[in-house]
Amino acid sequence: MNIVVLVKQVPDTESPRKLKSDDSTLDRAAADGVINELDEYAIEEGLRIKEAQGGEVTVLTMGPDKATESIRKSLAMGADKAVHVIDDGLAGSDALQTSYAIQQVLGRTGFDLVILGSESTDARTGVLAAMLAERLGVPQLSLANKVEIDGTAIKVQRQTDYGFDRVEASLPAVVSVVEKINEPRYPSFKGIMAAKKKPVETLDIAGAGIDPGQVGLAAAATEVVDFAEAPPRAQGQIVTDEGDGGTKIADFLASKKFV
Amino acid sequence: MAEILVLVDHVDGEVKKVALELLTLANRLGEAAAVWVGPGYEGAKDKLAEYGAGKVYVAADEELTSYVVAPKAALLAQLVGAGSPGAVLVSATAEGKEIAGRLAVKTGSGVLTDVVDVTDGLVAEHSIFGGGIIAHAKVRTGTPIIAVRPNSIAPEAAPATPVEEQVSVALSDADKGARIVEKVVQEKGERPDLTEAAIVVSGGRGVGGADNFTIIEGLADSLGAAVGASRAATDAGWYPHSFQVGQTGKTVSPQLYIAVGISGAIQHRAGMQTSKTIVAINKDPEAPIFELVDYGIVGDLFQVAPQLTAEITKRK
């Protein structure tokens, strides 16, 4: 089975995240980069499916040079190879353009299954799986907390507010995962060493078959008009409990008309 | 004025509060036109009229709700093509955003997600990076598709007499690729929906175990609140994952958020920072949650929370 896992390098949420003042895009230099957390669950699921069904796991990422850190980690976890699309022309692409660019690359790699995290911790749009399924014309099996594959039949549990939906489809398909799906493995020492020898294909826009007029900030379908740091919250009142803490909160809530 | 399409969020005919919020917003931007998908419109009709739906497109065919999101996007794309609306509003729930994503591809339009307000000229306000930055953005290609976060707009009654139009859409094979064979309802209580609730009471690591969540539930019930949990609590299996508030869970923006035994790591703050009033109970005076609170008690939650529950019950 040809499994492609989409991986995005994002700023570490523990470090300060900023937008750049000149073009209102994410300041990737200002923060440490890490693999998007939910993508680790996607990699893990890809590896488990490969272990059960056979096949190969390819990691696909788009992003600056720095994203090689995330590729290395993915390979160390057990992915077989990687494709890294790296081109300044991609900078500032919005979700619509990103989905187009990934579609083009998937046209080269081919796939039976595309797996990705259900959202990234930076943009948090949560639209990519849906956009990709739409573009590729394949089933959208998103927000999965369980995946079962039998031949070309695939069943997932789609997480909902009320519980879950049982969803059935046929491969090829796009699957997005939520964190409940599994427990991502840590790279072993052996895995880290082996990762160094695994093939990483680097492509620019032209090499990936991406039309340069359809990606990048200038062609984005959305634009940031302005931004500012949110005003800090005023320091509240903090009281040490002296046996009447609950009553004091009730007094506070009453003063705000909540009770 | 241009029509503003609002995809109505409902569960088996029961209209979600966010739909009323979107109708209110739509009438500020143009003329609200509700889009109803699936059975149950008759029962919801009065509510949509009360909140200003001057027009309702009704697509009652049950088949539209039998597949994962694609049919709803197909229907909206057809309405966008036929009527050239000023914008399409959906709720910024996981499913709402997916519908927005597919619609954006179908219509070649820009999509803005997790929007908290929209002003003249269809400029959308976002609260990003866990509430740390307020950004304004707009769509410059196609019909703006805007996913608005529940609880961001105060719904206002504005009675209208809706013009109803029955609509249907022919689904392609691709639209029918992911079939929903069963909807499994796991937790359906009397409590309000987490993302829509006016008050949320959440428990974290300090709660110490699944059984102790009855303390959180008791406090929530005294206030008519929804129950949430931090990632530490859901990872430990003390409370179901679907109740997780935070970066990898739900984003909530209630009038009142009470954090009980939650330290307030960025993971959690990203999901609740835009709550209007924040109260915390934590035994650690250094806990970062206290940087956010309007009122905080440094103390043992097992003493403070039950006392608070009793006090609220007494005052009712």
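**Entry 1. Helices on the parallel sheet**

Across which strands does helix α5 of chain B lie? I looked this up in a predicted model. Helix α5, residues 213–223 of chain B, lies across β13 (199–203), β14 and β15 of that chain. I noted its direction relative to β13(B) as about 170°. I then turned to helix α8 of chain B, residues 301–315, which packs on the sheet and touches β15, β16 and β17 (295–298) of chain B. The direction of α8 makes about 135° with that of β16(B).

**Entry 2. The sheet of 6 strands**

I traced the strand order next and recorded β13(A)-β17(B)-β16(B)-β15(B)-β13(B)-β14(B). This is an open sheet with parallel pairing. Its edge strands are β13 (237–240) of chain A and β14 (226–229) of chain B, each of which pairs on one side only. From one strand to the next I find an average twist of 15°.

Within this order I examined one pair in detail. Strand β15 (residues 256–260) and strand β16 (residues 277–282), both of chain B, run parallel and are joined by 5 bridges. For B:Tyr257 I found the bridge partner B:Ile278 in β16(B).

**Entry 3. The sheet of 10 strands**

I recorded a further open sheet, this one of 10 strands with mixed pairing. I read its order as β12(A)-β9(B)-β8(B)-β7(B)-β10(B)-β6(B)-β1(B)-β4(B)-β5(B)-β11(B). Which strands stand at its edges? They are β12 (222–229) of chain A and β11 (163–166) of chain B; each has a single partner strand, so one side of each is left without a neighbour in the sheet. With direction ignored, neighbouring strands of this sheet are turned by 35° against each other on average.

As a sample pair I took β4 (residues 31–37) and β5 (residues 55–59) of chain B, which pair in the parallel sense over 5 bridges. Here B:Ala33 has B:Lys55 in β5(B) as its bridge partner.

**Entry 4. Contact between the chains**

How many residues of chain A are in contact with chain B? I obtained 67 residues of chain A, in contact with 75 residues of chain B. On the side of chain A that touches chain B, I sorted the residues into 29 nonpolar, 17 polar and 21 charged.

I also followed a strand pairing between the chains. Strand β9 (residues 163–170) of chain A pairs with strand β12 (residues 179–185) of chain B in the antiparallel sense, over 6 bridges. A:Phe164 stands opposite B:Val184 in β12(B).

**Entry 5. Domains of chain B**

The domain assignment of chain B gives domain 1 as 3–176 and domain 2 as 199–315. I computed 31 Å between the C-alpha centres of domain 1 and domain 2 of chain B. Their contact takes 6 residues from domain 1 of chain B and 9 residues from domain 2 of chain B. The side of domain 1 of chain B that touches domain 2 of chain B has no nonpolar residues, 5 polar and 1 charged.

**Entry 6. Chain B as a whole**

I counted 8 helices and 17 strands in chain B. The radius of gyration of chain B is 21 Å, close to the 20 Å that the globule rule gives for 316 residues, so chain B is as compact as a globular protein of that length. Along the principal axes, its C-alpha atoms fill a box of roughly 60 × 40 × 40 Å. I found that 60% of the 316 residues of chain B count as buried. Of the contacts in chain B between residues at least 6 apart in sequence, 67% join residues at least 24 apart.

Note on methods
Residues numbered from 1 in each chain as written. Chains lettered and ligands numbered in written order. Predicted model: local features only at pLDDT ≥ 70, side-chain atom pairs only at ≥ 80, totals over all residues. Domains from an automatic or database assignment. Contact = placed C-beta atoms within 7 Å. Nonpolar A, V, L, I, M, F, W, Y, C, P; charged D, E, K, R; others polar. Pairing = 2+ DSSP bridges. Helix = DSSP H or I, 4+ residues; strand = E, 2+ residues; numbered from the N terminus. Axes fitted to C-alpha atoms, helices over the stretch in contact; angles between N-to-C directions. Rg over C-alpha atoms; globule rule 2.2 N^0.38 Å. Buried ≥ 20, exposed ≤ 12 C-beta atoms within 10 Å, placed from the backbone.
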